[in-house]
Amino acid sequence: MKRREKNRGCELERDKLQAGLERRRFLGLLGSLPLLTLPGCRDGTRYSDADAAGLADQQREEQRRSGKGPYGRQLYRGYRGLAELPWFELDDNSRLRCTDEEIPAVVDIHAHLGMSLLLAPELDLQARTARVQHMLDCDAEDPGCDLDLDVYINANFTPADLRRLRWGVLSQLTWGSSAAVTHTIPNLLDEMDATRVGRSLILPIAFGLPFGDDLTERWMQAIAQAGAEKRLLAGASVHPDDPLAAEKLRDFAARGAHAVKLHPAGQRFFPDSPELHPIYEECGRLGLPVVFHGGRAGIEPSYTHQFTLMRHYEGALRDFPDVQFVLGHAGARDVADAVPLAKRYGNVWLGIHGQGVSQLAELIARVGPDRLLFGSDWPFYHLAATLAKVLLVTEGRPEVRRAILRDNADRLLGGARA
Ligand SMILES: [Zn+2]
């Protein structure tokens, strides 16, 4: 595209953003599921070249430090390779199992089911398949892919993996995804059983599409149909542009929703924008925690990075002290900016999903163990990937382990209706 035309498109889009009129539909969806690179625009007043450079530095620095932290090299061959660790074994079917009975039944606050949106055919979420095809499909071959636990987990995607992932996103909107067919309730429950995960909070996302965008309703129904309500705790999502958002939240809460997922990159909003206030207010009234996707992951389209800078969450955290906010991924690659927020505001929790072992140890040291929450981001990754990290870092510290794996989540969700 000629530069001038592109810039003009950006200006137009920015105007719409500022006026709060943009429906953000199609692009929002593509931007969210991690990774179709589409032309997008950024608000120069809220995202600078220094911000972009900071992300690149973080990624480089993390690569440089991998294996040089307190846990040394933490490289495994696929998820199955985690059987080298003392808490895991491979069973007769070469399936990874957590065999340490001392580990408390885990609560996972960050999981999803298979997504089929827009034109994609409906998935059978009750089906069982021979194996789960995680988005980082590290066990596809034997031996599996290189799995480094000392970097942010998405650094394990190769360029070829990322191309496949983008293709997969497109298929979830159109002809249907062969991976998503395996992201079913029985498959998740099997993996939970194998890894001592007792309960999982299931987080849909409302993308703001014109149709085929009712993941909250579909997943609630599927969980009920499976009779799995005790183990799969339904979350809800609303789109910030939806004029019925508050009403829908009340309805979802009445139907047993345990938390509300909001995804600033996927839904394309600034979390401190006033248009979100009615949603936060309603969550406060209903006692529903807000689980944010937090921070820049680094593999999503770069124009969405503006939405997830940690400083853009602060207004919400500060102005809604009665709402419990979870920053998913502990701020992802912006973890250094998430830590001060967690220290400053008592209503902030950090979901630890994604962070490497050295970083996780640092989070425990700097934030303390009492507001860190276990999250897996299934089906992106095997449940054991995050579990292994927590076990490595909490060895010899049973109270810390228990807090992160279970007690903190019980405290957070107890306030809602667990
Ligand atoms: Zn997620």
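## Helices, sheets and unusual bonds in a predicted model

Helix α13 is mostly covered, with 10 of its 11 residues buried. The buried residues of α13 are L383, A384, A385, T386, L387, A388, K389, V390, L391 and V393. The structure described here is a predicted model, and the sections below start from this helix and its partner.

### The protein as a whole

The protein has 418 residues, and 51% of them count as buried. Its secondary structure comes to 14 helices and 12 strands. Among contacts between residues at least 6 apart in sequence, 77% join residues at least 24 apart.

### Helices α12 and α13

Which residues of α12 meet α13? On the side of α12 they are V357, L360, A361 and I364, and on the side of α13 they are K389, L392 and V393. By class, this contact of α12 with α13 has six nonpolar residues, no polar residues and one charged residue. Two of the contact residues of α13, K389 and V393, are also on the list of buried residues of that helix.

Helix α12 covers residues 357-367 and helix α13 covers residues 383-393. Their axes come within 10 Å and cross at roughly 55°. An angle between 35 and 65 degrees counts as oblique, and α12 and α13 are therefore oblique to each other. The crossing in which α12 passes α13 is right-handed.

### The sheet of five strands

Five strands form an open sheet with parallel pairing, in the order β8-β9-β10-β11-β12. At its edges are β8 (260-262) and β12 (372-373), each of which pairs on one side only.

Within this sheet, strand β9 (residues 290-293) runs parallel to β10 and is joined to β10 by four bridges. One residue pair here is V290 with F325, its bridge partner in β10. Strand β10 spans residues 325-328. Its side chains alternate: F325 and L327 point one way, V326 and G328 point the other way, and all of these residues are buried.

Further along, strand β11 (residues 348-351) is joined to β12 by two bridges, and this pair of strands is parallel as well. G351 stands opposite L373 in β12.

### The sheet of three strands

What is the order of the strands in the three-stranded open sheet? The order is β4-β6-β7, and the pairing is parallel. The edge strands are β4 (106-111) and β7 (232-234), which each pair on one side only. On average, and with direction ignored, neighbouring strands of this sheet are turned by 20° against each other.

Strand β6 (residues 197-202) and β7 run parallel and are joined by three bridges. L201 has L233 as its bridge partner in β7. Helix α6 (residues 215-225) lies across β6 and β7, and runs at about 145° to β7.

The bridge partners named for the two sheets are set out below.

| Residue | Partner | Strand of partner |
|---|---|---|
| V290 | F325 | β10 |
| G351 | L373 | β12 |
| L201 | L233 | β7 |

### Cis peptide bonds

A cis peptide bond joins D142 and P143, with omega at about 0°. P143 is found in the loop between β4 and β5 (146-148). The peptide bond from W378 to P379 is also cis, and its omega is near 5°. P379 is found in the loop between β12 and α13. That loop therefore leads from an edge strand of the five-stranded sheet, β12, to the helix that crosses α12 obliquely.

### Positive phi angles

S94, a residue other than glycine, has a positive phi near 60°. Its place is in the loop between β2 (88-90) and β3 (96-98). Is S94 buried or exposed? S94 counts as exposed because it has 10 C-beta neighbours inside 10 Å, and the limit for exposed residues is 12 or fewer.

L118 is also a residue other than glycine with a positive phi, near 55°. L118 lies in the loop between β4 and β5, the loop where P143 is found. With 16 other C-beta atoms within 10 Å, L118 is partly exposed, because this count falls between the limit of 12 for exposed residues and the limit of 20 for buried ones.

Definitions and conventions
Residues numbered from 1 in each chain as written. Predicted model: local features only at pLDDT ≥ 70, side-chain atom pairs only at ≥ 80, totals over all residues. Pairing = 2+ DSSP bridges. Axes fitted to C-alpha atoms, helices over the stretch in contact; angles between N-to-C directions. Parallel < 35°, antiparallel > 145°, perpendicular 65-115°, else oblique. Left-handed = near helix turned anticlockwise from the far one by under 90°. Contact = placed C-beta atoms within 7 Å. Nonpolar A, V, L, I, M, F, W, Y, C, P; charged D, E, K, R; others polar.
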